[in-house]
Amino acid sequence: MKIRAVEAIPYAIPYVKPLRFASGELHVAEHVLVRIVTDDGIVGIAEAPPRPFTYGETQASIKAIIDSIFAPQIIGDDPYDREAVAVKLHRTVGNHTAKAAIDMALWDILGQSAGISVTDLLGGYTDRLQVSHMLGFEEPGAMVAEAERMRATHGIRTFKVKVGRRPIQLDIDVCRALRGRFGDEITLYIDGNRGWTAAESARALDAMSDLGLSFAEELCPADDVIGRRWLAAQARIPLFADESATRPAEIAREVLDGGVTGISIKTARTGFTGSLRILGLCEGLGVDVVIGNQIDGQLGSLCNLAFGAAFERTTRRPAELSNFLDMSDDLLQRPLLIENGELRVAESAGLGADIDSDKLTHYRTDG
Ligand code: MUC
Ligand code: MG
């Protein structure tokens, strides 16, 4: 089997409401659909969500790097030669989500060719994941109302609260309002996207010490090396790294330096091959993991689900799989359905995702 074509198709789908957090805000999902076609007619797909405020990639840069460098490098390769493909892609630094989408589309091809789901190919641990929903910045009342809606409509009972605003009391009030409304019925954790200093983070954690937060992600910048260690030494809950530690070496440094004790794994930025290596590293280092959200659409969420369901360690915490609910529409023929707080892996070969061609025609932005 040989790769015959690699397409990068930009598309734009508006959000129902903007998602706001300490490092940025999103109004429109301007993603890139990556489609890889083999000589025997199999089509593998994945989506690349550009996050310029986190990794520097844009929709235009993802399309350009795939069209001009990655596609010519791998056309003619056998999709089974994943390591050889990865070595070629990694000759170019950065461009995480472009590389990850190519990797995941290749796994989709392998699954389809073998007649096995990607989850079973990877590890086959389970067929479902508990879902955690991310709440972006709003007034406390609006964030509580969104959590109520998620619980009533989808049975979701775990919420990641975006924090990192100033004054810190704004975010403390939100967490207190959520705990006050739901009591022990929900699991709560926070993500600062590096918005606070270490000292602000310490004050906020102190002020919320009675709220039973299960962990805190990226409260202050990793470049504040001493500050992070100082914070971790006094924190009573696990501190997780997300965007500050995405490569195995960054993760090893951050964990061994004592800045964090947990890692967010996002297939949108490390694909399946890279995420597998990171999971193994985390196991070896004895650190906890969470399947994180790159504000993925349905296809990206499906990829995260496929990976998270494959291994025991990634099922220990609810996975962040629901923010596609904030989009006004999506591209999949069979929309993802979150029921009783869970998402299930489809019993289909590969990723089990088919693109609705009318929707793609409608939302693609390349003419
Ligand atoms: C998250 O966990 O941080 C927001 C920014 C980003 O890069 O990802 C999202 C979610
Ligand atoms: Mg995060």
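Which residue has a side-chain N or O atom 2.8 Å from an oxygen atom of ligand 1? The residue is Asn193. Before the surroundings of ligand 1 are described, the basis of the model should be stated. This is a predicted model, in which local features need pLDDT of at least 70 and side-chain atom pairs count only at pLDDT 80 or more, while totals for chains, interfaces and linings use all residues. Residues are numbered from 1 along each chain as its sequence is written, chains are lettered from A and ligands numbered from 1 in the order in which they are written, and side-chain values use heavy atoms, with hydrogens and water left out.

Ligand 1 is surrounded by 14 residues, where a residue is counted if one of its heavy atoms lies within 4 Å of the molecule. The closest are Thr54, Lys160, Asp191, Asn193 and Gln294. The side chain of Thr54 places an N or O atom 2.9 Å from an oxygen atom of ligand 1, and for the side chain of Lys162 the corresponding distance is 3.0 Å. On its own, ligand 1 has 280 Å² of accessible area, and the protein covers 100% of this area; accessible areas come from the Shrake-Rupley method with a 1.4 Å probe, and for residues only the protein chains shown count as cover.

Asp191 also takes part in the metal site. Together with Glu217 (OE) and Asp242 (OD), Asp191 (OD) is a protein donor of the magnesium ion, ligand 2, at distances of 2.0 to 2.2 Å. Donors are N, O and S atoms within 2.8 Å of the metal (3.2 Å for Na, K and Ca); water is not among the atoms, so sites may look incomplete. Along the sequence, the spacing of these donor residues is D-x25-E-x24-D. Glu217 belongs to strand β7 (residues 216-217), whereas Asp242, 25 residues apart from it, is in the loop between β8 (239-241) and α9 (248-256). Helices (H or I, at least four residues) and strands (E, at least two) are DSSP runs, numbered from the N terminus. Glu217 counts as buried because its relative accessibility is 0%, and Asp242 is buried with a relative accessible area of 2%. Buried means under 20% relative accessible area, exposed over 50%, and partly exposed in between (1.4 Å probe, protein chains only).

The description now turns to two serines. Ser132 is part of strand β4 (residues 128-135), and Ser322 is in the loop between β11 (319-320) and β12 (342-344). Ser132 is buried, since its relative accessible area is 0%, and Ser322 is buried at 0% relative accessibility. Among the residues that Ser132 touches are Thr158, Lys160, Tyr189 and Ser322, contact meaning heavy atoms within 4.5 Å. The side chain of Ser132 makes a polar contact of 2.8 Å with the side chain of Tyr189, and the side chain of Ser322 makes one of 2.6 Å with the side chain of His133. A polar contact is a pair of N or O atoms within 3.5 Å; within protein, one must be able to donate a hydrogen and the other to accept it, and residues adjacent in sequence count only if both atoms are side-chain atoms.

Two helices complete the account. Helix α3 (residues 96-114) has 19 residues, which at 1.5 Å a residue should span 27 Å, and its end C-alpha atoms are indeed 27 Å apart; the expected span is 1.5 Å times one less than the number of residues. Of these 19 residues, 16 are buried. In helix α5 (residues 140-154) lies Ala152, which counts as exposed because its relative accessibility is 69%.
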